Amino acid sequence: PEAIYLKDYQVPAFLIDHTELRFELEASRTLVKARLTMRCNPDSHQKTRVLELQGDKALRLCRVSVNDQVLNEQDYKRHDQGLEISHVPDEFILETVVEIDPDQNTALEGLYRSDGIYCTQCEAEGFRRITFYLDRPDVMSIFSTTIEADKTAYPVMLSNGNPVAQGEADDGRHWITWEDPHPKPAYLFALVAGDLKRVEDQYTTSGGRDVALHIYAANKDLNKLDYAMQSLKNAMRWDEEVYGREYDLDIFMIVAVDFFNMGAMENKGLNVFNTSCVLASPDTTTDLGFQRVEGVVAHEYFHNWSGNRVTCRDWFQLSLKEGFTVFRDSEFSADLNSPTVKRVEDVTVLRTAQFAEDAGPMAHPILPASFIEIANFYTMTIYEKGAEVVRMIHTLLGADAFRQGSDLYFSRHDGQAVTTEDFVKAMEDASGRDLTQFRNWYHQAGTPVLAVSDEFDAASQTYRLTVAQSCPATPGQAIKAAYHIPVAIGLLDSEGEDLVLPNGKTTQVLELHDSEQTFEFTGITEKPVPSLLRGFSAPVKLHYPYTRDNLTFLMSHDSDGFNRWEAAQKLAVNILQALIEDFQHGRELVLDSQLGDAFKVVLANVDLDKAMVAKVLSLPSEAYISELSDVIDVDAIHTVRQFVRQQLALQLEAEFVASYQACTLEDIYSPDAASIARRSLRNVCLSYLMETGKQDFLELALKQFHEANNMTDSQAALYIVVHSGYQKAGEVILDQFYQRWSDEPLVVNQWLSVQASNPQAGVLTHVEALMNHEAFNMRNPNKVRSLIASFCAQNPVNFHAIDGSGYRFLADQIIVLNKLNPQIASRLVTPLTRWKRYSADRQGLMRKELQRITDSGDLSRDVFEVVSKSLA
Ligand code: B3K
Ligand code: ZN
C-alpha cells in the first residue's frame, strides 16, 4: 500500500451536480442504480476526457451508460479501485447499475445489514463500497434517493433530507423517495431500513422554522430515548445562542444501531448512532453513559454547520471539522454541567491518550502531510489536540473576536469544502491578530515541553518568570520551530490571595513566542507562588520545581479550580514517582501522611463541588503515570499505586465512611451535575474503603449492589468488589448481574469490561473463555471493545504479563479481525505500537507479535499502516 500526500492535492477534474440513487434492498444481492449529472470542472487545469471513478472491488458492475448509450467493455476499464471511462463529453449523464452484498459486509463500511437493519457508514471512503463515484469531500452534489424493500421486514426506510414520494410495489414491497436540497459530499450520505420505532418531538428555531425531531430505535429500546431527545433540543438551542447557527431542514433524524465502528455519524439530517451513544435509562445506563449521550448527540448535531454546511476539501483537513466540533461540544457540556469538571475530564484524556500518541510511532500533526489509510487518522490528535488548538485561538482572541471569526468562517465558506488554513484566516481577518507563528500547531507533531523557572528580587520588587519551550522529535520531524503558546497564569501571595496582574485582573495570558522568554512583574513585595497554565491553556507538558508544600498550598488556595485539581495531581504524581523508585530499588514502601492530610482537608471542606472532591481523591491512573515514565514499569506502577490507595484508606477510613454516608442516595435517579457528583464521591469513598480489607465494607458494597436504584451505583459496586479481589463474592454478583441484564446488550458490555479490566492474576484465561460466551460476538465492535480492548488497554498488569501471553492473545485477535473488520483491527493494535516505552524484555515480546501480524499476510491497509510504522 502506498501513502498519499497533501502536497499532491488537485481539484477534481469533474463535478457531479445531481446524484439520483435507487436501492433495491435484498439480503445478499442489493441493486444500486446511480444516475449522475456530471460535467467537467471549469476550475480544473487537467483538461482530461478520462473519467476516473472510485469503486470497491466488491461492486459487481451490471451496466454502465453515458447519455443513455450503454458502454461496451472496450469503452471502460474496471480495476480493483474503480472504473475508468475513456472518453466523456463536457456534460453528461452517467448511469451505473451495481450489485452489492450487505450481508457479507463485516467491515461495517458502506451498506451493511446487522440485526436485520440496513444501514450505511460512508465517512471517510465508504461510499465507494456502495456505487462508483467521485468519492472525495470536495465533490458536492444534490442527492435524491429512492429505496425499495420488503414492506413487512423494512417498514421504515430513511435517507437524507425530506421524503417527497412513496408508494407500493409488487411482491409485498414498497418504496420511498427522499430529497436533500443541500449539496453534500458522498461521505454524508446515509440510508437506513428496518423494523424501527420512533419517538417524536418538535423544535422551533430562532428564525421560526418548525423542525420535526425523530429518534429511531428497536421497539424494546423506545423507552431509552428521552435523554437523547432532550440533549438534542439543548444542543439546537445552544448552537443558536452561542454560535448563531440554526438548523436548516424540516426534519432531523437519529437512528440507533448496535453494530457500528465508531460512536456516531453526522450524515445530513440523518445521524446514525451507535446504541451506546444514544440509549439512556437510569436502570441500564451509568452517569458516564448519560454524559456520553449528551456530548455525542451535541457533537453530531454541531457538525451540521462545522462539517456539513462547511465541509473539508480533502481528508488531510479532517481536524477542520473534528477539532472545531469537539471544541464546540466540550463547551456545550461545560455550559450545561460543571466547566471545571469537564475541563479536568478532557485534560485527563488528552494527557493520557493523546500525549502517548504524540510520543509514539503514529505521531502526526493535526494537519497530517501524508497517510496510507485515512481511517487510521480518526485519532486523539485530530480530535482532542485539534480541539485544544481551536481552544487556544479562543483564548488568544477572546470570546467576542472568536465569535466574529466563526461567523466570518461560516458566512465566507457556506456550501464550500475548505481547509484548516481557511479557518485560521477567517479568525485572523475577523480579529486583526497575526496567527502566522500559531500555524506551527497545525504542521508539527509532538507535545511541547515548557520548563519554567522564576526569581524574585526583593530590592526592585520584581518577579520574573522565565519560560523555555522545546518539542521532542517525532517520526519525520526532527527539528521543531517554536510555537506561539498562550500560558494563563496567576500569582498567589502568602495568604493565598491572587495578586492583581498588569492586565488589571488576577489571571493573565502570557504569550510565548520564543524558545525562551522572560516575563517581568513589578511592584511585587514578596515571592509569590505561581499558578501556571490555568485551565490548561495549552496542550503542553509544564515543569516547574514546585515543592510539596507549594502544591498543598495551591490545592487549597488557587482560585483556578482546574489548577487546584492539578496541584493535587502533581502532589500525588510526585509521591508515587518517589515510591516507584523505592520499589525498584527494593526499599520498603512508606507513605508519609502529607497526601492523606491534604485529602483530609479536601474531604472536610463542604463548600467544594463533590465532583471535584472525587476527582482530587482519585489518584492519577496507571496509564497517566505510565505516560510520565521514561521506561514504563508496569508492575511497579500497579503495586505502588495500590499501596498508596491502601495506606490512604487506612489513614482516612473514618472520613471516607462519613463522606460515603453524607452523599445520600436519591429516591429518583437524575443525571444532573449535582447528583452525578454525589454518586461519584460516594463510589470513590467506597472503593477506598474496600482497600482496608474489612468485611464490613465488602458488605456495604454488596448492599449497594443489591439495593441500588440505578446502574451507576450497581455497576460501581460490581466493579469495586470484582477488582478488589473478592473472588467468591465477585463471581456471585457477576452471575446475578448477567442473569438480570442478559437482554440488555449495553449492560452486558459493561459486564464484559468489568471482567476484562480486572487486575487480579490469571484474568486472561477468563477473557479467553468469555470469547466463547453467548454474550460475545467478534463481528460486533462494541463487544470487541468491551472484552478485547478493555483487556489490552485497561488491564496493564495482565496485558503486559512478562510471559508475553497478553501480547500473543492480542496479535491472535488482530489477525482474525484484520479480515473481518480492518478498522477495528487497526485500532486494537495501539497498545503494541508503544513497545519502545517498555523494558528490553517486553520490547522484544511486543515486536515479535507485531512481526507475527505482518507475517500473517494479506494485511488490510489499515493494519499494514499501523504495524509497519510501529516496526519502522
Ligand atoms: N465523523 C464521524 C467519524 C467517522 C469515522 C469513520 N471512520 C463521527 C464524528 O466525529 O462525529
Ligand atoms: Zn465529529
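**Group meeting: a walk through the model**

Okay, let's start at the ligand. Around ligand 1 we find E123, A124, M262, A264, M265, E266, H299, E300, H303, E322, A375 and Y378. Keep in mind as we go that this is a predicted model.

So which elements give two or more residues to that shell? Those are β20, residues 264-265, and α2, residues 287-302. And if you sort the shell around ligand 1 by residue character, you get six nonpolar, two polar and four charged residues.

Now over to helix α3, residues 318-336. E322, one of the residues around ligand 1, falls within the numbers of that helix. How far does α3 reach from its first C-alpha to its last? With its 19 residues, α3 reaches 27 Å, close to the 27 Å expected at 1.5 Å a residue. As for its surroundings, α3 is largely enclosed by the rest of the structure, because 16 of its 19 residues are buried. A quick reminder for anyone who hasn't looked at helices lately: an α-helix has 3.6 residues a turn, so residues three or four places apart point the same way.

Okay, on to the sheets. There's an open sheet of eight strands with mixed pairing, and its order is β6-β5-β9-β3-β2-β12-β15-β14. At its edges you have β6, residues 69-70, and β14, residues 162-168, and each of those pairs on one side only. Inside that order, look at β2, residues 14-24, and β3, residues 30-40: they run antiparallel and are joined by ten bridges. If you want a spot to click on, E24 stands opposite L31 in β3.

Then there's an open sheet of four strands, in the order β10-β11-β16-β13, and here the pairing is antiparallel. Why do β10 and β13 each have a side without a neighbour in the sheet? Well, β10 (110-114) and β13 (156-159) stand at the edges with a single partner strand each, so one side of each is left open in that sense. On average, neighbouring strands of this sheet are turned by 15° against each other, ignoring direction. For β13, the pairing with β16, residues 191-194, is antiparallel over four bridges. In that pairing, M157 has A193 of β16 as its bridge partner.

Last stop, further along the chain. UniProt, in an unreviewed entry, puts the feature "domain: Peptidase M1 alanyl aminopeptidase C-terminal" at residues 549-872. What does the model show there? The span of residues 549-872 is 74% helix and 0% strand, and its end C-alpha atoms lie 45 Å apart.

Conventions: Residues numbered from 1 in each chain as written. Chains lettered and ligands numbered in written order. Predicted model: local features only at pLDDT ≥ 70, side-chain atom pairs only at ≥ 80, totals over all residues. Pairing = 2+ DSSP bridges. Axes fitted to C-alpha atoms, helices over the stretch in contact; angles between N-to-C directions. Near = placed C-beta within 6 Å. Nonpolar A, V, L, I, M, F, W, Y, C, P; charged D, E, K, R; others polar. Expected span 1.5 Å × (residues − 1). Buried ≥ 20, exposed ≤ 12 C-beta atoms within 10 Å, placed from the backbone. UniProt positions renumbered as here; feature names shortened; annotations may be inferred.
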